[in-house]
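Here's a quick briefing to read with the structure open beside you. Have a look at the fold, then go through the points below.

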Amino acid sequence: MRGLLLCSERQRLEEELVETRTRGRNLSRLRQLTPPERAAWEQRERAAQARLRDHETQHGCQR
Ligand SMILES: [Zn+2]
């Protein structure tokens, strides 16, 4: 299943990454995040990025 133009799993992971980023940013606009909170959001974002990258590598569906 290589070279798919549209991969629903990839789309899902991409949306998850965007959502994680957006939520972290919105939260940090509402109030000052503590360093551990900030680190936790960065960690979530990195994890979501890694899931997307791993999926692309395994599935071969990157743009
Ligand atoms: Zn895929």
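What follows covers the overall make-up, how the helices pair, and a few residues worth clicking on.

This is a predicted model, and its chain has 2 helices and 0 strands. Of the 63 residues, just 3% count as buried. The helices to keep in mind are α1, residues 8-30, and α2, residues 35-59.

**How the helices pair**

- The axes of α1 and α2 come within 9 Å and cross at roughly 165 degrees.
- Because that angle is over 145 degrees, α1 counts as roughly antiparallel to α2.
- As for handedness, α1 goes past α2 in a left-handed crossing.

**What meets what**

- From α1, the contact draws on Glu-9, Arg-10, Leu-13, Glu-14, Glu-16, Leu-17, Thr-20, Arg-21 and Gly-24.
- Across from them, α2 puts in Trp-41, Arg-44, Glu-45, Ala-48, Gln-49, Arg-51, Leu-52, His-55, Glu-56 and His-59.
- Sorted by class, this contact between α1 and α2 has 9 charged residues, along with 5 nonpolar and 5 polar ones.

**The second helix and what comes after**

- With 25 residues, α2 spans 36 Å from its first C-alpha to its last, close to the 36 Å expected at 1.5 Å a residue.
- Just past the end of α2, Gly-60 takes a positive phi of about 65 degrees.

**Three residues to click on**

- Thr-22 sits in α1, and it is exposed because just 10 other C-beta atoms lie within 10 Å, where 12 or fewer is the cut-off.
- Looking across to the other helix, the C-alpha atoms of Thr-22 and Glu-45 are 9.9 Å apart, with their positions 23 residues apart along the chain.
- Glu-14 is also part of α1, and its 16 C-beta neighbours inside 10 Å make it partly exposed.
- Glu-14 pairs up in space with Leu-52: they are 38 residues apart in sequence, yet their C-alpha atoms are 6.6 Å apart.
- Over in α2 you'll find Trp-41, which has 18 other C-beta atoms within 10 Å and so is partly exposed, given that a buried residue needs 20 or more.
- The C-alpha of Trp-41 is 8.9 Å from that of Arg-23, and these two are 18 residues apart along the chain.

Terms used. Residues numbered from 1 in each chain as written. Predicted model: local features only at pLDDT ≥ 70, side-chain atom pairs only at ≥ 80, totals over all residues. Helix = DSSP H or I, 4+ residues; strand = E, 2+ residues; numbered from the N terminus. Axes fitted to C-alpha atoms, helices over the stretch in contact; angles between N-to-C directions. Parallel < 35°, antiparallel > 145°, perpendicular 65-115°, else oblique. Left-handed = near helix turned anticlockwise from the far one by under 90°. Contact = placed C-beta atoms within 7 Å. Nonpolar A, V, L, I, M, F, W, Y, C, P; charged D, E, K, R; others polar. Expected span 1.5 Å × (residues − 1).
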